[in-house]
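Biologist: I should like to learn how to read a structure of this kind. Could we begin with a residue and its surroundings, and then move outward?

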Amino acid sequence: MKTTNNLKLMLMLMLAFAIATPPSLAQVVFDGRALVQSQNVPVAIKDQDSVQERNAGPDRNTASNPRPVQELLSIADAVGISLEKNYDIRVAKLDTVVSGNNATAGNAGLLPSVYANGGYDFQKNDTDLEIAMFNEDGSQSVTPISVDGAETEILTASITAEYTLFDGLGGYHRLDLLQNVNDQTRLQTQYQIENTVLNTVIFYLNVAVQQENLEISQEQLDISNERLRRVESKFNFGAGNRTAVLNAEVDVKNDSVALRQNQLRYKLAKNDLNTFMGRDPKTHFMVESNVNFYPLISKEMLEAEVVENNTRLRLSNEGLEIAETDLKVQKAERFPKVFLNGGYNYQDQTNDAGQLLSQELTGWNVGVGVRLNIFDGNRVNRRISNAKIAIEQNQLQQDKVELEVLRDFENAYTEYEQAQQDLAIERSNLKTFEQNFERSQIDFQNGQITNTQLRDAQLDLSNAKFRIVQATYEVKQLETQVLQLTGAMLSSLK
């Protein structure tokens with residue numbers, strides 16, 4: 001009897017030692033057929049190196065497959081790369097350069113035009129001339145001249161200038177129109193930049209969400225592996241049952257599948273961000289997990305900034321100004337145009353036949369011209385009528401855009417406030433879920449709850465963490481959208 005008691009005591013000590021022993025790096029995983037020992041199962045994330053190894057996914061560090069170096073990409077870095085390499089922005093910037101080149105006084109017709117002209121003319125003809133001459137007594141005599149192959153050379157050169165003295169101020173209106181078009185092109189480029197930055201932030205935050213979710217999935221798998229190890233140890237020492245082992249195996253398998261799915265989503269999210277930034281999709285990087293929120297002013301002040309600084313609204317206003325300026329340009333066509341022209345001329349001519357054997361002319365000329373459009377098939381009137389219609393169209397478009405922008409701001413700010421409240425609630429609930437899981441682990445070890453109840457507590461905790469991650473980055477995304485509508489997004493990311 002004493003020997004039997006000693007044996008039971010030894011078994012109980014061995015079981016207690018097995019339960020208390022921390023898990024080794026050789027995690028127990030379920031491959032669908034049997035339990036095997038493997039060192040390739042993802043481990044819990046405890047430092048920067050392990051984070052990089054986890055994020056490498058299929059490119060994890062092994063003897064045959066060294067881990068690639070991964071940069072830590074901040075949101076400001078991502079925006080900078082997008083602004084530098086995005087093709088749409090590069091094209092828009094070139095459009096701005098072109099419109100700036102066009103917005104000049106010379107292109108509007110306000111400067112004089114100066115031309116240099118030159119010519120050379122050579123002729124060779126058989127010439128028969130009869131030259132009449134008057135004698136001293138008043139009689140007339142005719143002298144015939146016949147020259148074969150007579151040559152004539154004429155050399156001309158001149159510099160002429162033209163300047164419009166008055167055209168109904170059409171030149172000044174055209175200059176205003178070109179400057180308005182340039183301003184519109186610059187705003188279009190800015191709008192393209194803002195949309196690119198916003199999309200970069202959205203892609204970046206998606207990578208951050210998937211990165212955080214991957215860490216949570218890894219933690220969940222580690223917990224399931226540890227529970228499987230414990231129930232296996234109990235079962236091997238006769239203190240558990242096979243059902244508990246099977247339940248733990250199922251949990252490990254489910255968590256392994258969930259981890260692989262999150263790894264895939266993480267990889268695809270990085271591919272999307274790389275491509276949008278104009279980089280090779282296979283470029284390795286990590287994103288920062290810390291989220292810095294930008295302090296927003298009151299809703300009323302934000303709405304005032306939307307009305308004043310929103311790029312889409314400014315584009316609409318610029319379109320109306322262009323239409324109004326174009327009407328002035330068209331009305332100027334009804335006024336007479338007064339031109340001033342002048343020049344300096346030189347001509348040298350030599351002849352082999354005739355009385356005039358050589359001639360050289362130099363001199364200035366100045367003139368003033370007036371042109372008045374009396375009738376042109378009503379083309380000017382039609383252009384004026386169409387310009388008035390364009391003003392009405394742009395006014396309607398401006399009213400529509402203003403309503404849409406204010407609606408977008410109202411929706412974005414309302415969602416932003418709701419997301420902030422949801423995040424606060426989720427954060428306050430997290431402590432409860434953590435305490436519930438910790439208590440459930442103790443009760444499970446003491447045999448007071450079932451494996452299913454422990455699993456429910458584990459899933460409740462992990463789902464709470466998932467919701468916090470999603471809510472955190474949703475607040476950041478909505479904050480960025482609000483700032484874009486106010487025109488302050490670019491400054492907030494510096």
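Modeller: Certainly. Please keep in mind that this is a predicted model. Let us start with Phe409, which touches Lys299, Leu302, Glu303, Val306, Val482 and Leu485, leaving aside residues up to four places away in sequence.

Biologist: To what larger grouping does Phe409 belong, among the residues with the most contacts inside it?

Modeller: The general idea comes first. In soluble globular proteins, nonpolar side chains tend to be buried together. In this model, the largest nonpolar core has 62 residues, and Phe409 is among those with the most contacts inside it, together with Leu73, Val197, Val201, Tyr204, Val207 and Leu273. Several elements each supply at least two residues of this core: α3 (75-85), α5 (170-236), α6 (242-276), β6 (285-287), α7 (299-309), α9 (379-445) and α10 (451-486). The largest share, 14 residues, comes from α5. There is also a second, separate core of seven residues, which includes Leu327, Val380, Ile384 and Ile391.

Biologist: What percentage of the residues in the protein chain is buried?

Modeller: Of the 494 residues in the protein chain, 36% are buried. As for contacts between residues at least 6 apart in sequence, 77% join residues at least 24 apart. The chain has 11 helices and eight strands.

Biologist: How should I read the packing of two helices, and at what angle do the axes of α9 and α10 cross?

Modeller: One considers how close the axes come and the angle between their N-to-C directions. The axes of α9 and α10 come within 7 Å and cross at roughly 160°. An angle over 145 degrees counts as roughly antiparallel, and α9 and α10 are therefore roughly antiparallel to each other. Their crossing is left-handed.

Biologist: Which residues of α3 and α4 meet?

Modeller: Ser82, Leu83, Glu84 and Lys85 in α3 meet Tyr87, Ile89, Arg90 and Lys93 in α4. The axes of α3 and helix α4 (residues 87-102) come within 6 Å and cross at roughly 55°. That angle makes α3 oblique to α4.

Biologist: Let us turn to the strands. In which sense do β5 and β7 pair, parallel or antiparallel?

Modeller: For paired strands, one asks about their direction and about the residues that stand opposite each other. Strand β5 (residues 140-166) and strand β7 (residues 337-351) pair in the antiparallel sense, over 14 bridges. Within this pairing, Tyr163 stands opposite Leu340 in β7. Strand β7 is also joined by 14 bridges to strand β8 (residues 358-371), and these two run antiparallel. There, Gln349 stands opposite Gln359 in β8.

Biologist: Where in the chain does Leu169 lie, and what is its phi?

Modeller: Most residues other than glycine have a negative phi, and most peptide bonds are trans. Leu169, in the loop between β5 and α5, has a phi near 65°, a positive value in a residue other than glycine. At 45% relative accessibility, Leu169 counts as partly exposed.

Biologist: In which loop does Asn378 lie, and what is its phi?

Modeller: Asn378 lies in the loop between β8 and α9. Its phi is near 65°, again positive in a residue other than glycine. Because its relative accessibility is 38%, Asn378 counts as partly exposed.

Conventions:
Residues numbered from 1 in each chain as written. Predicted model: local features only at pLDDT ≥ 70, side-chain atom pairs only at ≥ 80, totals over all residues. Heavy atoms only, no water. Pairing = 2+ DSSP bridges. Helix = DSSP H or I, 4+ residues; strand = E, 2+ residues; numbered from the N terminus. Core = buried A, V, L, I, M, F, W, Y, C linked by side-chain atoms within 4.5 Å. Buried < 20%, exposed > 50% of the residue type's maximum accessible area, 1.4 Å probe, protein only. Contact = heavy atoms within 4.5 Å. Axes fitted to C-alpha atoms, helices over the stretch in contact; angles between N-to-C directions. Parallel < 35°, antiparallel > 145°, perpendicular 65-115°, else oblique. Left-handed = near helix turned anticlockwise from the far one by under 90°.
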